[in-house]
Amino acid sequence: MILEYAQKVLAGKELTKKEAVELINVSDDDTMLLLAMADKIRQKFNGNEVDCCAIVNARSGHCPENCKFCAQSAYSKTGVDVYGLLDEEELVQAAKKAKEAGAVRFSIVTSGRGQSEEEDFQKICNALSRIKTEVKIEVCASLGILTKEQAVKLKKAGITRFHSNIETAPSHFPDICSTHTYEDKMSTLEAAKAAGIRVCSGGILGLNETPEQRVEMAMELRRLGVDSVPLNILNPVKGTPFEHNKPLSAWEILRAFAVFRFILPHALIRTAGGREVNLRDMQVMALSGGLNGIMIGGYLTTGGRNPESDKTMLRDLGRKTTQPQL
């Protein structure tokens, strides 16, 4: 079955939902074969380069949304750092550090529903423009719900991608957040696309979703034409509704990663937050099991892996990194 479905994808055909569900439910004993075939698909459609990106938590905490996984939600008492938008110069310096660590793309990320303060939004646009010009690194942003007018301004500032995760399967989204809707997510993605900005959108594994809902999420991203997919793994934070969620096994995570590759053969799929905690010594298997990107450095509210360890991992794999497309 695994070989048959791999050949189907390698021949340029799309996997059905039924076929993908069969793959994501294979046994631990068959998972290595699944990973090997996912990597064959990655090699054919994406080559051997690995895309490394980094982010800065530019405004932290007091978010009015009630996403159950998020340490920055005002509905949860997590002790997370709370601060307003960083200064423009701080954002530029953060981008320089990201480039030194090996990132080819840098994203400004803010907590909150969106960007209601025009002064803050203009500061973000100015910083993005400076980073692209001075640091010579690709820039993107993750700023919550986006209007069409804001998307146009971000495009002029030089961003190539706008990030907004769909978080999980559409059928599971109401169990994750109730202060904004899945349709709000769609309007943001549509606003970015209308402005000529490519979309970066993925989600989080470990939000009490079923394996079938992980397939549903991948199928939804395929339907939306998303070609950059960050896959996070829940790192439960004390004080959030999901603080006691049972960790996924490494094999379960890797199976999901592989099936995303089967469903999205041409996409840039990266492993992001939670990989160090959940995959531990098996992190390398994500990049040899279908994925072609990693987020380096720290995340929004949790620390990441030492960038030098990631550089060593890529050297040992014989994989080169992508270059900024400026």
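User: Is Cys63 buried or exposed?
Analyst: In this predicted model, Cys63 is buried, because its relative accessible area is 9%, and buried means under 20%.

User: How many disulfides are there?
Analyst: The count comes to zero disulfides. A pair of cysteine sulfur atoms would have to lie within 2.5 Å to qualify. For Cys63, the nearest cysteine sulfur belongs to Cys70 and is 6.2 Å away, so by that cut-off Cys63 is in no disulfide.

User: And which cysteine sulfur is nearest to that of Cys177?
Analyst: That of Cys67, at 3.8 Å. This distance is also beyond 2.5 Å, so Cys177 is in no disulfide either.

User: Where does Cys177 sit, buried or exposed?
Analyst: Cys177 counts as buried, because its relative accessibility is 4%.

User: Changing topic: what is the protein chain built from, in helices and strands?
Analyst: The protein chain has twelve helices and nine strands.

User: How does its radius of gyration fit a compact globule?
Analyst: The two agree, because a compact globule of 326 residues would have a radius of gyration near 20 Å and the protein chain has 19 Å. Along the principal axes, the C-alpha atoms fill a box of roughly 55 × 40 × 35 Å.

User: What share of the residues is buried?
Analyst: Of the 326 residues in the protein chain, 56% are buried.

User: What about contacts between residues far apart in the sequence?
Analyst: Among contacts with a separation of 6 or more, 78% join residues 24 or more positions apart.

User: And what does the surface consist of?
Analyst: The protein chain exposes about 13900 Å², and carbon and sulfur atoms supply 51% of that area.

User: How are the charges placed?
Analyst: There are 42 positive and 41 negative charges, and their mean positions are 4 Å apart.

User: Now, where is Thr147?
Analyst: Thr147 is in the loop between strand S3 (138–142) and helix H6 (148–157). Thr147 is partly exposed, with a relative accessible area of 35%. Its C-alpha atom is separated by 32 Å from that of Arg275, which is 128 residues apart from Thr147 along the chain.

User: What is notable about phi of Asn208?
Analyst: Phi of Asn208 is near 70°, a positive value in a residue other than glycine. Most residues other than glycine have a negative phi. Asn208 lies in the loop between strand S6 (203–205) and helix H8 (211–224).

User: What is phi of Arg280, and where does that residue lie?
Analyst: Phi of Arg280 is near 50°, again a positive value. Arg280 belongs to the loop between helix H10 (275–279) and helix H11 (284–287), and Arg280 is partly exposed at 49% relative accessible area.

Conventions. Residues are numbered from 1 along each chain as its sequence is written. This is a predicted model: local features need pLDDT of at least 70, side-chain atom pairs count only at pLDDT 80 or more; totals for chains, interfaces and linings use all residues. Side-chain values use heavy atoms; hydrogens and water are left out. Buried means under 20% relative accessible area, exposed over 50%, partly exposed in between (1.4 Å probe, protein chains only). Helices (H or I, at least four residues) and strands (E, at least two) are DSSP runs, numbered from the N terminus. The radius of gyration is taken over C-alpha atoms; the globule rule is 2.2 Å times the number of residues to the power 0.38. Contact means heavy atoms within 4.5 Å. Accessible areas come from the Shrake-Rupley method with a 1.4 Å probe; for residues, only the protein chains shown count as cover. Lys and Arg count as positive and Asp and Glu as negative; His and the chain ends are not counted. The place of a charge is taken as NZ of Lys, CZ of Arg, CG of Asp or CD of Glu.
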